[in-house]
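Biologist: Could you take one part of this model and walk me through it closely, strand by strand? Feel free to carry on from there to whatever else looks worth a visit.

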Amino acid sequence: MPVNHVRLRMRLAACVAPALFALTACGPAGAPHVGQSAPAERSTAAGNPSGGSASIAVDASQFTWIGEPGAGSTPWVQAIDSAQKTVDYNVYLLTDERIATALRSAAARGVTVRLILDSHPYDFPDAVSKELAMFRGSKVQVKTWSPSANSYDHAKYLVVDGRTAIVGSANATYSALDGGSNLEDNVEVRGGTLPAQLDALFQADWSGRPRPSLSPAIVVSPGSAKALADQVRQPGPVMMAEEELYNPPEVMAAMEAKGHELELLLPSSIDSEEQASARVLEDHGVQVRLLSSPYVHAKLIVGTEAAFIGSENLSANSLEDNREVGLVVTEPLVRAEAQAWFAQYWKRAQPFAGAASGRGGTGGTGSAGSGGQQAYPYLPLGISEAEARAKWGSPASISSTTYHGKPETVWTYPNGARLYFQNGKLVHVSR
């Protein structure tokens, strides 16, 4: 299995050991549900289609598409405010104050509120301490967890009273929600069996038990590569919005086979490894475009039969190592809304070939791009700090960290990119 050496590197925070910080919360309390929008009609969800779409009925489930930017944190806050007994929320990052306030308020009125947060979020060494501080002194129970020291709890799903769930790509952060900085895809599910099954998964991870048997409509990592490849293989045109493109073999093979019927939207900040994968796909006829703003954080696959909406990135570690969660939905209205959402950003994006040449290829020097913005060309690992400065210019700030006990110098640039040096040599680039 190929390893993504760029983003698979684990930067462990000081608080890497999973810990449980809990205070009691008990007893039901009532709160009227505030509707976000009229939900879709009774629907089905697709599981793991092979060549077609093997639909699996979800009794009485109702689906509502939630696209970002646009919806903001309101759907999550309304769901939490409606809770009468329980709120279970597994989310990779939680820094949004509106959501934090709703969680604390729910716990204060007697709702049992439990959070699972990643124990060592990538490139955010101070995230865990800040997240724990947000709930210190409240009745919210918080567990920091990851499947292993070399993987992440990258899921993003909320379950309220075992009857309502929101699943998707959005973290509980300002940039993902109210800030409008990110492109995110999410879906709300009300009724039926799916929310209760998602809650069973949450409870298993909370208590350290094996993953329960779930509907094929729920796509869970580790082990989600085939499910995503099957969604790419659904007949007819397919649209994909993806944050990463790190060559997971089964999914890449399905994308190559789809050829010209596949439209793939990626962020303009993809690195050289992702550019190489994009070129391979273009050679097979895939239409690839890059979007500079909003930042593409979505993980969407939508076609003629189903829409996959979840947290899984196109990388081996995301599909085979992390905890990731997504849903496959065949509800026609959700598919239509997801396709319309995709289409508006596809029109604004730049074709990959033109965008790549506009960045000066892989070996150019730093220069002003369109609009006078600084360009950040490809940097080979192993170059010196002086060589990196010559290509990217001076960083906005310089800090220090450790990686597996080795001290590193971190240069942070205005666009958020970071360069990591050990003994004066470049060892990692984070865009």
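Modeller: Let's start with a facing pair: Tyr89 sits opposite Leu158 of strand E8. Before going on, note that this is a predicted model, where local features need pLDDT of at least 70, side-chain atom pairs count only at pLDDT 80 or more, and totals for chains, interfaces and linings use all residues. Residues are numbered from 1 along each chain as its sequence is written, and side-chain values use heavy atoms, with hydrogens and water left out.

Strand E8 covers residues 156-160 (strands E of at least two residues and helices H or I of at least four are DSSP runs, numbered from the N terminus), and 5 of its 5 residues are buried. Here buried is under 20% relative accessible area, exposed is over 50% and partly exposed is in between, using a 1.4 Å probe and protein chains only. In a regular strand, side chains alternate between the two faces of the sheet. In E8, Lys156, Leu158 and Val160 point one way while Tyr157 and Val159 point the other, and all are buried.

Now the neighbours. E5 and E8 run antiparallel and are joined by 5 bridges; strands count as paired if DSSP finds at least two bridges between them. On to E9 (residues 164-168), also antiparallel to E8, with 4 bridges joining the two. There, Tyr157 has Val167 as its bridge partner. E8 and E9 make a hairpin with 3 residues between them, and Asp161 in that turn has a positive phi of about 55°.

Back toward E5 (86-91), the loop between helix H1 (74-81) and this strand holds Gln84. Gln84 is partly exposed at 35% relative accessible area. Its C-alpha lies 8.9 Å from that of Thr112, although the two are 28 residues apart along the chain.

If you like rings, a search of the whole structure turns up 8 aromatic pairs. In one of them, the ring centres of Phe342 and Trp346 are 5.5 Å apart and the planes at 20°, so the pair is stacked. The bookkeeping: rings of Phe, Tyr and Trp (its six-membered ring) pair if their centres lie within 6.5 Å, and planes under 30 degrees apart are stacked, over 60 edge-to-face and the rest tilted. Both residues belong to helix H9 (residues 332-348), 4 residues apart, so about one helical turn separates them. Phe342 is buried at 1% relative accessible area, and Trp346 is buried at 7%.

Compare Trp392 and Tyr413: centres 5.1 Å apart, planes at 85°, so that pair is edge-to-face. Trp392 is in helix H11 (residues 385-392) and Tyr413 in the loop between strand E23 (406-412) and strand E24 (418-422), so the pair ties together parts 21 residues apart in sequence. Trp392 is buried at 2%, and Tyr413 is buried at 3%. Elsewhere, ring pairs link Trp65, Trp341 and Tyr345 into a cluster.

One last ring: the charged end of Arg114 sits over Trp206, 5.3 Å from the ring centre. That label needs NZ of Lys or CZ of Arg within 6 Å of the ring centre and within 35 degrees of the ring normal.
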